[in-house]
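New to this one? Take a look at the chain below, and then we'll talk it through.

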Amino acid sequence: MKLQSLLLITLLFSTAAFAAKEKNPEEITFAAGGQLGLNFSSASITNPTINPSGRTGLALGGFLEIGLTEMFFLQPEMMYIQRGAETIVTVGTTTTSKLMFNYLEFPMLFKVKYPDYVLKPYAFIGPNIGILVAASFEQTQSSSTTIVERDIRST
């Protein structure tokens with residue numbers, strides 16, 4: 001239910017896609033839209049016998065672009081992102097372990113657009129805060145799933 005509520009909020013946030021460009025460059029302009037993609041995450045483990053591989057997860061969300069001038073914009077976003085890693089350890093028998101994390105992230109970007117170019121490049125910078133929605137640890141040898149949310153920092 002927690003995941004369904006977060007997905008519903010994300011979809012509501014990203015459904016409107018509009019842009020209001022006024023002829024007066026002094027007016028603030030707005031644009032909103034959705035984002036859908038894949039997230040390729042990985043993990044770094046100092047144990048030389050464990051070689052983790054990454055997790056490919058879903059990334060979806062929405063953004064609001066607020067035009068401060070013709071060139072400078074503020075872009076708050078809300079993203080649901082799946083992260084994690086997988087390890088395979090063979091000591092007698094093969095054990096596959098999966099760490100899976102789901103986050104709701106809120107990037108706040110300062111964006112610079114270069115309007116006079118044909119390709120319309122832009123650059124952005126800003127902070128990002130992520131809130132842990134769910135975390136689990138799964139091992140195939142014992143076919144069990146352990147919830148590890150209490151062991152992971154929530155932000």
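What follows is a set of questions and answers about this predicted model.

Q: In what order do the elements of the protein chain run from the N terminus on?
A: Start with the tally: the secondary structure comes to 1 helix and 7 strands. Reading from the N terminus on, the order of the elements is α-β-β-β-β-β-β-β.

Q: What percentage of the 155 residues of the protein chain count as buried?
A: A residue is called buried when its relative accessible area is under 20%. Leu60 in strand β2 is one that qualifies, because its relative accessible area is 12%. Across the 155 residues of the protein chain, the buried share is 33%.

Q: How is the aromatic pair of Phe72 and Phe110 classed: stacked or edge-to-face?
A: Let's look at where the rings come from: Phe72 is in strand β3 (residues 72–91) and Phe110 is in strand β4 (residues 93–113), 38 residues apart. Their centres are 5.7 Å apart, with 15 degrees between the planes. Planes under 30 degrees apart count as stacked, so that angle makes the pair stacked.

Q: Is Phe72 buried, exposed or partly exposed, and which class does Phe110 get?
A: Phe72 has a relative accessible area of 33%, and Phe110 comes in at 34%. Buried needs under 20% and exposed needs over 50%. Both values fall in between, so Phe72 and Phe110 each count as partly exposed.

Q: Which elements give two or more residues to the nonpolar patch?
A: The patch sits on the surface and has about 800 Å² of accessible area together, with Leu68, Met71, Phe72, Phe110 and Tyr117 among its residues. Met71 belongs to the loop between β2 (53–67) and β3, and is partly exposed at 31% relative accessibility. The elements that supply two or more residues are β3 and β4.

Q: Which residues are joined into one network by salt bridges that share partners?
A: Glu65 makes a salt bridge with Lys111, their closest N and O atoms being 2.9 Å apart. Lys113 also forms a salt bridge with Glu65, this time at 3.1 Å. Glu65 is in strand β2 and Lys111 in strand β4, 46 residues apart, while Lys113, in strand β4 too, is 48 residues from Glu65. The shared partners tie together one network of Glu65, Lys111 and Lys113.

Q: Which residue forms a salt bridge with Glu105?
A: Glu105 lies in strand β4 and its partner in strand β3, 22 residues apart. Glu105 is buried at 7% relative accessible area, whereas the partner is partly exposed at 26%. The closest N and O atoms are 2.6 Å apart, and the partner is Arg83.

Q: Over which ring does the charged end of Lys113 sit?
A: Lys111 lies over the face of Tyr122, at 4.2 Å from the ring centre. For Lys113, the distance to the centre of its ring is 4.6 Å, and that ring belongs to Phe73.

Q: What is the phi of Lys120, about?
A: Most residues other than glycine have a negative phi. Lys120 is not a glycine, yet its phi is positive. You'll find Lys120 in the loop between β4 and β5 (122–125), where it is exposed with a relative accessible area of 51%. Its phi is about 55 degrees.

Methods
Residues numbered from 1 in each chain as written. Predicted model: local features only at pLDDT ≥ 70, side-chain atom pairs only at ≥ 80, totals over all residues. Heavy atoms only, no water. Phe/Tyr/Trp six-rings, centres within 6.5 Å; stacked < 30°, edge-to-face > 60°. Helix = DSSP H or I, 4+ residues; strand = E, 2+ residues; numbered from the N terminus. Buried < 20%, exposed > 50% of the residue type's maximum accessible area, 1.4 Å probe, protein only. Lys NZ or Arg CZ within 6 Å of the ring centre and 35° of its normal. Patch = residues over 30% accessible without salt bridge, like charges linked within 9 Å, V, L, I, M, F, W, Y side chains within 5 Å. Areas by Shrake-Rupley, 256 points an atom, 1.4 Å probe, with all protein chains shown as cover. Salt bridge = Lys/Arg side-chain N within 4 Å of Asp/Glu carboxyl O.
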